[in-house]
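These notebook entries record what I looked up in one structure. I set down each search in turn.

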Amino acid sequence: MAVREIIEIPDERLRVHCHPVTDVAAVQGLIDDLLDTMYSTDNGIGLAATQIGASQSVMVIDISENRDQPMVFVNPEIIESEGETSYQEGCLSVPEIYADVPRFQRVKVKALDRDGNEFIVDSDEFLAIVMQHEIDHLHGKVFLDHLSTLKRNMLLKKLKKQQRLKQ
């Protein structure tokens, strides 16, 4: 449908806690916009509704090599988790900033697909990290929130400098 602007930190819209979707048919345009926007980026593998200014609980992921296997999650929730791991994450809303983020090693996520059918994904691989990252967005969090105050402030200072240089 449309490529939308990706909101960047410190925009407060990234802090919105999304509303559950009650009518999946009503968010079909949002799903298309999320996919179009994610695929328009060079390295986007996931995108949550908050990142384009929407407050519905919808996210998309495509970690396939050819970026041709989109996954749509409506009202996703982590129903099981275990273990600990750390992975270097980046984010389209926090451009050019990367940090090791503590995450669960394995998660089981329940959601609805774009047709309104419930499904469960159980992963202990890269997909588990990406799902946790995107679900965080739906709860008004960015990956920097998982870091120590010192590390977060250092990275935010670096981001502000980058943003000033772009202007």
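**Entry 1: The two cysteines**

I began with C18, which is buried, with a relative accessible area of 7%. I noted that the model is a predicted one, and I then asked how many disulfides the structure holds. The count is zero. A disulfide is a covalent bond between the sulfur atoms of two cysteines. The cysteine sulfur closest to that of C18 belongs to C91, and C18 cannot form a bond with C91 because the distance is 13 Å. For reference, the cut-off for a disulfide is sulfur atoms within 2.5 Å. I looked up C91 as well: C91 is in no disulfide, and its nearest cysteine sulfur is that of C18. C91 counts as buried, because its relative accessibility is 11% and the limit for buried is under 20%.

**Entry 2: The annotated binding site**

I next consulted the UniProt record, an unreviewed entry, which places the feature "binding site" at C91, H133 and H137. These residues are spread over 47 residues of sequence, yet they cluster in space, with a largest C-alpha distance of 10.3 Å. I also checked the largest pocket, and its lining includes C91 and H133.

I then took the two histidines separately. H133 lies in helix 2, which covers residues 126–138. Is H133 buried or exposed? H133 counts as buried, because its relative accessibility is 6%. With neighbours within four places in sequence left aside, I found H133 in contact with E89, G90, C91, R103 and F143.

H137 also lies in helix 2. I recorded 0% relative accessibility for H137, so H137 counts as buried. Under the convention that leaves aside neighbours within four places in sequence, the contacts of H137 are L14, V16, A48, T50, Q51, C91 and V142. I marked C91 in my notes, since C91 is a contact of H133 and a contact of H137.

**Entry 3: The annotated active site**

The unreviewed UniProt entry places the feature "active site" at E134. I located E134 in helix 2. E134 is buried, with a relative accessible area of 4%. Which residues does E134 touch, not counting residues up to four places away in sequence? I listed G46, L47, A48, Q51, M59 and I61.

**Entry 4: The nonpolar cores**

I turned to the nonpolar residues. In soluble globular proteins, nonpolar side chains tend to be buried together. The largest nonpolar core has 18 residues, and those that touch the most other members are L30, I31, L34, L47, V58, V60 and V74. At least two residues of this core come from each of helix 1 (28–40), strand 2 (58–61) and strand 3 (71–82). Helix 1 gives the most, with five residues. A second, separate core has 15 residues, including F73, V121, I135 and L138.

I followed L30 further. Not counting residues up to four places away in sequence, L30 touches R4, A49, I52, A54, Q56 and V58.

**Entry 5: A hairpin**

Last, I examined strand 6 (residues 106–112) and strand 7 (residues 118–123). They pair in the antiparallel sense over six bridges. V109 stands opposite V121 in strand 7, and V121 is also one of the members of the second core. The hairpin has five residues between the strands, and in this hairpin G116 takes a positive phi near 90 degrees.

Terms used. Residues are numbered from 1 along each chain as its sequence is written. This is a predicted model: local features need pLDDT of at least 70, side-chain atom pairs count only at pLDDT 80 or more; totals for chains, interfaces and linings use all residues. Side-chain values use heavy atoms; hydrogens and water are left out. A nonpolar core is a set of buried Ala, Val, Leu, Ile, Met, Phe, Trp, Tyr and Cys residues joined through side-chain atoms within 4.5 Å. Buried means under 20% relative accessible area, exposed over 50%, partly exposed in between (1.4 Å probe, protein chains only). Helices (H or I, at least four residues) and strands (E, at least two) are DSSP runs, numbered from the N terminus. Contact means heavy atoms within 4.5 Å. Two strands pair if DSSP finds at least two bridges between them. UniProt positions are given in the numbering used here, feature names are shortened, and annotations may be inferred rather than shown by experiment. On a 1 Å grid over the protein atoms alone, a cavity is a set of points where a 1.4 Å probe fits but cannot get out, and a pocket is an open set with protein on both sides within 12 Å along at least five of seven lines; lining residues have an atom within 4 Å of a point.
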